[in-house]
Amino acid sequence: MGLGGQETSSFVSDFLEKCGGYAVLDGGFATELERHGADLNDPLWSAKCLISSPHLVRRVHLDYLDAGANVIITASYQATIQGFEAKGFSKEEAKALIRKSVEIAIEAREIYYDKLQSRRPVLVAASVGSYGAYLADGSEYSGNYGDAVTVETLKDFHRERVQILANSGADLIAFETTPNKIEAKAYAELLEEEGIDIPAWFSFTSKDGINVVSGDSISECTSIADSCKQVVAVGINCTPPRFIHGLVSLIRKV
């Protein structure tokens, strides 16, 4: 189901049509891993299970597919080359673990399809967490990276991981919990510079219903996403439900 080269403009509308007008995403991953007994008290968070218990990662994907998900998101949110290297893995091992996050999700989809007579549409979205998620210091939820972090810093940080995920067999890349416009800009420039040919979505996080957590306006962040031809959708995650409707309305205006 690789969709490289397809016109990204019709990607979402075609997919939604096949799904019957709307698509169901999966939900929290770490919560479900913990429910199955995983201990995630670790800077790698859910990505730790790619090392210690890949069978649980597959189990959670299958649970969401059984519950009706049309999109399953990989366990790569906190899977970074830098994070794995800090745990003592070589660069090649780190790259293999990032690829493995997509392989497990694709495998879960195949197992699910083998159980069914009919194939409803299921996409595998390769998750990319923010620089703040890697730092694991709370800046993921404040968007405050300090003056030393520039768009170039962020592009250099994300570049190799995004390349790996783009070539892993995933159907799209999900940039999740984006906390500020500088990181959105880094993602957009990276997708263009690297000629990434699979679609992407940008999902932002807010605590006031008007701005992303850094204080940058959601409208400005959406404009950055909208200017990138690979971006097929913009959304919200890790945000109080009462703010979602207003934020989606602001996004739609852009």
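In this predicted model, five strands come together as an open sheet. Reading across the sheet, the order is S1-S2-S3-S4-S5, and the pairing is parallel. Strand S1, residues 71-73, and strand S5 sit at the edges, each pairing on one side only. From one strand to the next, the twist averages 25 degrees.

A closer look at one pair of strands helps with orientation. Strand S3 covers residues 172-178 and strand S4 covers residues 200-204; the two run parallel and are joined by four bridges. One residue to pick out on screen is Thr178, whose bridge partner in S4 is Phe204.

Helices also meet this sheet. Helix H10, made of residues 218-226, packs on the sheet and touches S4 and S5. The direction of H10 makes about 160 degrees with that of S5. Helix H1, residues 11-19, lies across S1, S2 (123-128), S3 and S5. Relative to S5, helix H1 runs at about 70 degrees.

Attention now turns to the pockets. The largest pocket has a volume of about 1200 Å³. Its lining is made up of 46 residues, and those closest to the pocket centre are Leu25, Ile73, Trp201, Ser203 and Ile236. By residue class, the lining comprises 29 nonpolar, twelve polar and five charged residues. Strand S5, which spans residues 231-236, gives the most to this lining, contributing six residues. S5 is thus a handy landmark for the reader: it is an edge strand of the sheet, it is touched by helix H10, and helix H1 lies across it.

The UniProt record, an unreviewed entry, lists residues 11-254 under "domain: Hcy-binding". Over residues 11-254, the chain is 49% helix and 11% strand. The C-alpha atoms at the two ends of this stretch are 19 Å apart.

Notes: Residues are numbered from 1 along each chain as its sequence is written. This is a predicted model: local features need pLDDT of at least 70, side-chain atom pairs count only at pLDDT 80 or more; totals for chains, interfaces and linings use all residues. Side-chain values use heavy atoms; hydrogens and water are left out. On a 1 Å grid over the protein atoms alone, a cavity is a set of points where a 1.4 Å probe fits but cannot get out, and a pocket is an open set with protein on both sides within 12 Å along at least five of seven lines; lining residues have an atom within 4 Å of a point. Grid points are joined across faces, edges and corners, and a volume is the space filled by probe spheres set on the points. Ala, Val, Leu, Ile, Met, Phe, Trp, Tyr, Cys and Pro count as nonpolar, Asp, Glu, Lys and Arg as charged, and the others, Gly among them, as polar. Two strands pair if DSSP finds at least two bridges between them. Axes are lines fitted to C-alpha atoms, for helices over the stretch in contact, and angles run from 0 to 180 degrees between N-to-C directions. Contact means heavy atoms within 4.5 Å. UniProt positions are given in the numbering used here, feature names are shortened, and annotations may be inferred rather than shown by experiment.
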